[in-house]
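Student: Please give me a close look at one part of this model, the place where the rings gather. Begin with the charges that meet rings, and end with the whole chain.

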Amino acid sequence: GRDATGPETLSGERIVSLRVPVCPSCGAMVTRARNGEPVIADESWLSRAPQKCPTCGAPLWQSSRTFSAPRPGEKYARRNPRLPLAEYIATVFPERVYLYLCDEVHEAKSTSTDQGAAMMKLAQTAEKVVGLTGTLYGGTASSLYGLEFTFNPRVRQHYPWGLRGQAAWVRDMGALERIVEYRPEYDKGGRYTGKRRVEQKPKEAPGCSPLLVREIIDHTVFVGLQDVGRDMPDFEEIPVPIPMDGDMAGHYQRARDRLGTYLFQCRMEGDASFLGRYLQTLLAWPTAPFRGERVIHRRRLDRESETFIEIPVHDMPGLGEERLYPKEQWLVELVRDELAQARFVGVFLRQTGTRDIQPRIEKILR
């Protein structure tokens, strides 16, 4: 600090910060030669080309990922790029990995993700590979292509890596659907002149061929609860119908009629894109009638267009948060009765995304 007497009475510390590169292998300070003399290496020298530590000779560069790349206009990345763990293990310990045990292997079925790339890298490094999953098949043959390419040598031999190999795999092991449309044509005067045949490119459909079972059966073990050898507790599922309040039922009936009429008109025009919105709105609103919602149909201009128009269809009213609604009242009474018997209760909610009701349910139960 400095008082009124002048600069000669300065007191305190002066702190100088220096950035000094240190070798991650041996810990020595990294230097470079300038005019024959060693000086502390700067970032421009380190990034100019792959450098090595002058003390131990270890490399001083690292692989970069997409999120580690410098932003536009920046010379250096804001985050330090690091070597992926799977690649590090495969590079440093290539002969020390005997067994690679991959749990929840279905999460790595897409080899374009980091998880999928790590799975393939470690599977190539290990001598033995075991994958564990509860949902092996995802409904289409392509959901197994990446896994089978990793675990099955026959797939690598007959279906080479890439889009061509995957297309051949789907053709042999899956199902393809081809859509042919006949569109009416008219002349300038509006007179019907016939139909034009439009054939779309074949695309994969849900399903599989018996060949897929034959391909995976020799290296796959299917285990059920009976094989585990443990007795499971009895499970009972009891649906409970809960009638809506009078005002809720009136609003719900009007919404169902209006949305149903609009959906019927869309279906008559060959457009079924509103069906999901219709279903989810009518399922979700009775659970959260305290919240209003505007039902909008995002509709394509035509089949081949990527442009959407937003059509307001109906406004679902919000009835306020001050009252308990029938489903909430039933839940409160059920939890209260169970706790009175010293029993634990688990509450599972369906609406946890854009229509999230967790905060309100938690508040009510507390």
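Tutor: Start with Arg298. Its charged end sits over the ring of Phe308, 4.5 Å from the ring centre. A second such case involves Arg360, whose charged end sits over the ring of Phe290 at 4.5 Å from the centre. Keep in mind that this is a predicted model.

Now to rings that meet rings. Aromatic pairs in this model number seven. One of them joins Tyr145 and Trp169, with 6.3 Å between the centres and 55 degrees between the planes. That pair is tilted. An edge-to-face pair needs an angle over 60 degrees, so 55 degrees does not qualify. Tyr145 belongs to helix H4 and Trp169 to helix H6, so the pair ties together parts that lie 24 residues apart in sequence.

How accessible are the two partners? Tyr145 has a relative accessible area of 3% and is buried. Trp169 is buried too, at 0% relative accessibility. Trp169 also pairs with Tyr159: the ring centres are 5.4 Å apart and the planes stand at 85 degrees, so this pair is edge-to-face. Tyr159 sits in the loop between H5 and H6, while Trp169 is in helix H6, so here the tie spans 10 residues in sequence. Tyr159 and Trp169 are both buried.

These rings belong to a wider group. Tyr145, Phe149, Tyr159, Trp161 and Trp169 are linked by ring pairs into a cluster. Trp169 is thus a good way into helix H6, which covers residues 163–173. The buried residues of H6 are Gly165, Ala168, Trp169, Val170 and Met173. As background, an α-helix has 3.6 residues a turn, so residues three or four places apart point the same way.

What do the buried residues of H6 pack against? Three of the partners are helices: H4 (145–151), H5 (153–158) and H7 (210–216). Two are strands: E5 (175–177) and E8 (203–205). The contact with H4 fits the ring pair above, where Tyr145 of H4 meets Trp169 of H6.

Further along the chain comes a hairpin. Strands E6 (residues 180–186) and E7 (residues 192–199) pair in the antiparallel sense, over seven bridges. Val180 stands opposite Glu199 of E7. Five residues separate E6 from E7 in this hairpin. In the turn, Gly190 has a positive phi of about 90 degrees.

Positive phi also turns up outside glycine. Most residues other than glycine have a negative phi. Asn35 departs from that, with a positive phi near 55 degrees. Asn35 lies in the loop between strand E1 (31–34) and strand E2 (37–40). With a relative accessibility of 78%, Asn35 counts as exposed. Glu104 is another case: it is not a glycine, yet its phi is positive at about 50 degrees. Its place is the loop between strand E3 (99–102) and helix H3 (114–125). Glu104 counts as partly exposed, at 36% relative accessibility.

Next, Pro59. It is in the loop between helix H1 (43–48) and helix H2 (85–92). Its relative accessibility is 44%, which makes it partly exposed. Beyond its neighbours within four places in sequence, Pro59 is in contact with Gln51 and Lys52. Compare its position with Tyr182. The two are 123 residues apart in sequence, and their C-alpha atoms lie 64 Å apart in space.

Finally, the whole protein. The count is 12 helices and 10 strands. Its radius of gyration is 32 Å, well over the 21 Å that the globule rule gives for 366 residues, so the protein is more spread out than a compact globule. Along its principal axes, the C-alpha trace spans about 85 × 75 × 70 Å. Of the 366 residues, 25% are buried. The accessible surface comes to about 27,100 Å², and carbon and sulfur atoms account for 53% of that. As for contacts between residues at least 6 apart in sequence, 53% join residues at least 24 apart. The pair of Tyr145 and Trp169, 24 residues apart, spans such a separation within the ring cluster.

Methods. Residues numbered from 1 in each chain as written. Predicted model: local features only at pLDDT ≥ 70, side-chain atom pairs only at ≥ 80, totals over all residues. Heavy atoms only, no water. Buried < 20%, exposed > 50% of the residue type's maximum accessible area, 1.4 Å probe, protein only. Helix = DSSP H or I, 4+ residues; strand = E, 2+ residues; numbered from the N terminus. Contact = heavy atoms within 4.5 Å. Phe/Tyr/Trp six-rings, centres within 6.5 Å; stacked < 30°, edge-to-face > 60°. Lys NZ or Arg CZ within 6 Å of the ring centre and 35° of its normal. Pairing = 2+ DSSP bridges. Rg over C-alpha atoms; globule rule 2.2 N^0.38 Å. Areas by Shrake-Rupley, 256 points an atom, 1.4 Å probe, with all protein chains shown as cover.
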